[in-house]
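Here is a short report on one protein model. It starts with the core and then widens to the whole chain.

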Amino acid sequence: MRELVKTYNPKEVEEKWYKFWEEQGYFRADNRENRPVFSIVIPPPNITGSLHMGHALNTTIQDIIVRWKRMSGYNTLWLPGTDHAGIATQNVVERHIAAEGSSRREYGRKGFIEKVWEWRGHYGRTIIYQLKRLGASCDWSRERFTMDEGMSRAVREVFVRLYEEGLIYRGSYIINWCPRCMTALSDLEVEHENIRGKLYHVRYTLTDGSGALTVATTRPETILGDTAVAVNPDDARYRDFIGKRVFLPIVGRELPVIADDVVDMEFGTGALKITPAHDPHDFEVGNRHGLQKLKVMADDGVMNDEAGPYKGMERFQCRKTILKDLSDRGDLIKEEDYLHAVGHCYRCKTIIEPNISRQWFVSMKPLAEPAIKAVEDGSVPFIPEGWKNTYFEWMYNIKEWCISRQIWWGHRIPAWYCGSCEGVTVSRTDPSSCRHCGSLAISQDEDVLDTWFSSALWPFSTLGWPEKSEDLKRFYPTSVLVTGFDILFFWVARMLMMGLKFMGDVPFREVYIHPLIRDADGQKMSKSKGNVIDPLIMMDKHGTDALRFTLAAMSSPGRDIRLSEERIEGYRNFANKIWNAARFIFMNLEEESAILDPAALTLPDRWILSRLNRTVADVTKMLGEYRFDLAAGAVYRFFWHEFCDWYVEFAKLQITEGGKKKDNTVAVLIRTMDTALRLLHPFMPFITEEIWQQLHKSSIMTAPYPSMEESFIDDTVESRMDSIMDIVKSVRSVRSELDVPPTKAVDVHMKINSDALRELIEGHLVYLKRLTSAENIVTGTNISRPALSAILIFSGGEMYLPLAGIIDIEKERWLLEKRLKKVSEEINRIENKLSNRAFIDKAPEEVVLKERDKYKELTEQKERVEANLSWLNG
C-alpha cells in the first residue's frame with residue numbers, strides 16, 4: 001500500500017520539485033532536435049521589479065501553454081530574461097546612493113554605472129527567483145539581459161543600419177520632457193491624467209489702440225514665450241484683426257496676429273496664444289509661419305534669462321506670480337474651472353513640459369507599413385480579435401519615435417561628434433578618429449537609447465542575432481506572444497516592426513492579450529487604496545497551485561479579472577480535494593498495479609471513463625483557443641463534481657464487494673487519476689508532480705499529455721448514469737429541504753413509465769439505497785402516492801417520499817410557514833426597489849445586478865418552500 005500524508009503542505013513540495021526539474025534539465029530546448037517547435041519569449045520584467053499580480057497572471061498563462069506543448073511532444077523553448085529599465089533603474093539607484101549621503105554627480109558617469117551594475121548583482125535577480133517560485137518552466141540556461149554583450153551588439157547593429165538608411169536621424173523638435181528625470185520621453189511614456197485646473201482669460205491689447213484680443217490659456221507661465229496670436233481665418237469675429245499686432249502683456253513685446261486653420265473657434269475665446277517652444281501644436285504653427293521659437297524655461301523647470309523678471313522662479317511659482325501681475329494690471333479678464341488631461345512622467349509622475357531639444361528620432365511610417373499589413377492580412381492574429389482595432393488606430397497615426405534619453409544607465413548612443421569638422425560618426429565599434437576628417441578630437445554622445453529600443457529586438461536578439469545562430473534558425477519566429485494590453489504600443493507593435501525589418505518575418509505567429517487584474521469590486525489595485533493582493537503572500541498562505549489555478553479559471557477574454565483572496569482559498573480547497581482523492585486511491589492500491597478489464601466494467605466505471613475522455617477533448621480544444629477559463633472550468637468540474645462527488649462514492653461501494661470488482665474499480669480509479677493529473681499539470685504543476693511520483697515513481701514532466709480515446713465515449717452510458725444521478729439528487733434535495741437527518745432511513749416509492757428505466761433502477765438498487773439513505777425502494781407502473789409524502793418529478797416518472805414518522809409534521813409546517821413569510825417580505829422589498837426608476841438609473845450596475853440575482857434566488861426559495869408545504873398539507 002502506498003501512502004500520502006494526511007494533509008497537503010505546498011511549502012514542503014514546491015521548492016523540492018522545482019529544484020528537481022531544473023537539475024534534470026526538463027526545461028531545456030534542443031536546437032538540434034527535429035521535433036515540431038514551440039517557442040515563446042517572456043516579456044522581460046524590469047530588474048527593479050518585484051512580482052505583482054499582473055506578472056503572476058502573465059507568467060501563469062505562459063507556463064500553462066509551455067507545459068501543455070512540452071507534454072504534447074513539442075521541442076519547447078521558453079526564453080527568459082530581464083530588462084535594464086533605464087529610467088526606472090537609474091531612479092532606484094539614485095535614491096539608494098542618496099540614502100548613503102552621495103549622488104550620481106559625485107560618482108561621475110563611469111562610477112555611477114559601476115554602481116548600477118553592482119546594484120543589479122545584489123537586487124536585480126529578485127524577480128527571477130520569484131518567477132521560479134511561481135513555477136515558470138523557462139529554459140534558464142538561455143536567460144538574457146537587455147544589456148548583456150550579445151544584446152548590446154544587436155542594438156548597435158540595428159541603430160547603425162537604420163541610420164545608414166536614413167531612418168534614424170538627429171534633429172531639434174519639441175518633445176515631452178520630464179524636469180525631474182531630466183530626460184526626453186516618447187509619447188507613450190507620458191501618462192495623461194484628468195485634472196481640475198483653471199482656464200485663464202488674458203487680454204492682449206492691439207498696438208494701434210483699436211481694441212484688444214482675449215486669449216484663454218491653462219499655462220500662463222508660458223505667455224513669456226509667446227511669439228504670435230492666432231485666429232481661424234473663417235472666424236468672422238476676428239477677420240479684421242488678421243495682420244495687426246498686439247502687445248504681449250507685462251513684457252510689452254509686439255506679436256503678430258496670424259490666421260491658421262488649426263485654431264478651434266469653439267475653444268476658449270477662439271483666439272490662441274502661440275508659444276512654439278513650449279507646445280507641440282504651436283511648434284507646428286510656428287514652423288508654418290516662420291515664428292521665433294523662444295524658450296523661457298530651463299530643462300529643470302526653472303524660468304531662464306528669457307523670462308525677464310521671472311528668471312529663477314520654479315514654473316508653478318512663476319504661474320502664481322504672473323497671474324497676480326496680470327490681475328494687478330487689469331489684463332486677467334477672468335478665470336474659470338476647467339477639467340483637462342495633463343501629461344505626467346510614467347516613472348516619477350512629475351508633470352511633463354513640452355520642450356524644444358536636439359534629440360535622436362526613428363522615422364516610423366516606413367517601418368509601420370509592413371507591420372500594419374501583417375495584422376491586416378492575418379499573418380499575426382490578435383486574441384481577443386478586438387485589440388486589432390486599438391493597434392490599427394495607433395499604427396495608422398504613428399508619429400516619429402524620440403529614442404534618446406538624457407540619463408546614464410542604458411545603451412549609449414553609438415554616435416561620436418568631431419570637435420574639428422563637426423562631423424558625426426555612427427559606428428558599430430568605438431572609433432578612434434573622425435570618419436570625415438580623421439581628427440582624434442571626437443567624443444561620444446552623452447545620451448542613451450530609450451529602454452524600449454532594445455526591448456523591440458527581444459524576439460530575435462535573444463536568439464543570437466545578428467549571428468545566424470542555430471537557435472535563431474530553429475526557434476524564430478516564436479509561436480505566440482502573451483502580454484498585457486498596456487504595452488501593446490510600447491512593445492508589441494515595435495517588435496513587429498523590427499522583426500519584419502531585420503528578419504524579414506513576423507516575430508510571433510499569434511498575440512494573446514490577457515485581461516487586467518482588479519480587486520473584487522472592480523477597482524484598480526494600488527498601494528494607496530490598500531487593495532493590493534500580493535501573489536507572494538497568497539502563495540505562502542494557499543500554495544502556488546491554488547493561485548495559478550485561480551488566475552487561469554478567471555481569465556476570460558475581454559473581461560477584467562475581479563480577484564479576491566476568497567477565490568484563491570476556494571481553489572486551495574480544490575488542491576486539497578485532489579490530494580484526498582489520491583489518498584483514497586492509494587489506500588486501496590496493492591503493491592502490484594491493478595489491470596483494467598474492459599469486459600468487467602460497471603455502468604459507473606464506463607460513465608467516468610466516458611466523461612474523462614470528453615473532458616480531455618474539451619480541455620485540449622479550449623487550450624488551443626486560449627480559453628484558459630473554460631479549460632480550467634472543465635477539468636475542475638470533472639474532477640470535483642463528477643469524479644469525486646459521484647464516481648468515488650460508487651467506487652467505495654464497488655470496492656467493498658472485493659474480488660474482481662474491487663480490482664477493476666481500483667484500475668479505473670488509477671486510470672482516471674493518471675489522466676486527470678496530466679490534464680491538471682499545466683495548471684497545477686507541484687501537486688500533480690508530488691502525486692505522480694507516488695503513483696509512477698517517475699516525473700510527470702516526461703509524461704505525454706492525454707489524448708482522447710474515442711472508444712470510451714458512450715452517449716447511452718452517460719444518459720443511463722444521468723438517470724441514476726437524477727434520482728439520487730432529487731431524494732437528497734428533499735432530505736436537505738426538510739432537514740431529514742442522514743442517519744434516518746426513508747422509503748422511496750417510484751412510479752415508472754418505462755420498462756427499460758425500471759430495469760436500470762432495479763439493477764442498481766444497491767447504489768441507490770446507499771446514496772439516498774433509503775431503507776426500501778419500491779418501483780412499479782401503478783404506484784400510488786402515500787399520504788403526507790413529498791412528490792418529485794424526474795425524467796421517466798414520479799417519486800414519493802413518505803414523511804410520516806420521519807419528521808415532526810406540525811413543527812416542520814410551522815417552520816416552513818414562518819420561512820415563507822420572511823422570504824415573501826424580502827421579495828416584496830426587492831420588487832419595490834427594482835421597480836424604482838431612480839434606483840435603476842443611479843445605483844452602480846453591480847449593485848443592481850446583485851439585487852436581481854438575490855431576487856431570482858429568493859423566488860426559487862419561495863417555490864421550494866411552497867412545494868414543501870404542499871407536501872405536508874397533502
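Which residues touch the most other members of the largest nonpolar core? They are F549, L563, F574, F639 and F643, in a core of 147 residues. Helix α19 (residues 628–656) gives this core its largest share, 18 residues. Two domains also feed the core: domain 2 (535–713) and domain 3 (724–873) each supply at least three residues.

F549 shows what such packing looks like. Leaving out residues up to four places away in sequence, F549 touches Y571, F574, A632, V635, Y636, L680, F683 and M684. Another core lies apart from the largest one. This other core has 65 residues, including L162, L167, V375 and F475.

**Overall frame**

The model is predicted. Its mean pLDDT is 92, and 99% of the residues reach 70 or more. Confidence varies by element. Strand β1 (residues 37–41) has the highest mean pLDDT among the elements, at 98. Strand β28 (residues 789–794) has the lowest, at 76. Where pLDDT is low, predicted coordinates should not be read in detail.

The C-alpha trace spans about 110 × 70 × 55 Å along its principal axes. The secondary structure comprises 27 helices and 29 strands. The protein has 874 residues, and buried ones make up 54% of them. The accessible surface comes to about 39,000 Å², with 48% of it belonging to carbon and sulfur atoms. Of the contacts with a separation of 6 or more, 77% join residues 24 or more positions apart.

The domain assignment gives three ranges: domain 1 (183–354), domain 2 (535–713) and domain 3 (724–873). How far apart do the C-alpha centres of domain 1 and domain 2 lie? The distance between these centres is 67 Å.

**Cysteines**

The structure holds zero disulfides. C318 is in none, and the nearest cysteine sulfur, that of C178, is 19 Å away. C434 is also in no disulfide. For C434 the nearest cysteine sulfur belongs to C421, at 3.7 Å. A disulfide needs two sulfur atoms within 2.5 Å, so a 3.7 Å pair does not qualify. Both C318 and C434 are buried.

**Two buried hydroxyl residues**

S730 and T60 each sit in a helix. S730 is found in helix α22 (residues 715–737). Is S730 buried or exposed? S730 counts as buried because its relative accessible area, 12%, is under the 20% cut-off. Beyond its neighbours up to four places away in sequence, S730 touches L792 and M799. L792 falls within the range of strand β28 (residues 789–794), the element with the lowest mean pLDDT.

T60 lies in helix α2 (residues 53–71). T60 is buried too, because its relative accessibility is 0%. Setting aside neighbours within four places in sequence, T60 is in contact with L134, R548 and L551.

The relative accessibilities of the four residues discussed are listed here.

| Residue | Relative accessibility | State |
|---|---|---|
| C318 | 0% | buried |
| C434 | 3% | buried |
| S730 | 12% | buried |
| T60 | 0% | buried |

How values were computed
Residues numbered from 1 in each chain as written. Predicted model: local features only at pLDDT ≥ 70, side-chain atom pairs only at ≥ 80, totals over all residues. Heavy atoms only, no water. Domains from an automatic or database assignment. Buried < 20%, exposed > 50% of the residue type's maximum accessible area, 1.4 Å probe, protein only. Core = buried A, V, L, I, M, F, W, Y, C linked by side-chain atoms within 4.5 Å. Helix = DSSP H or I, 4+ residues; strand = E, 2+ residues; numbered from the N terminus. Contact = heavy atoms within 4.5 Å. Areas by Shrake-Rupley, 256 points an atom, 1.4 Å probe, with all protein chains shown as cover. pLDDT = per-residue confidence, 0-100.
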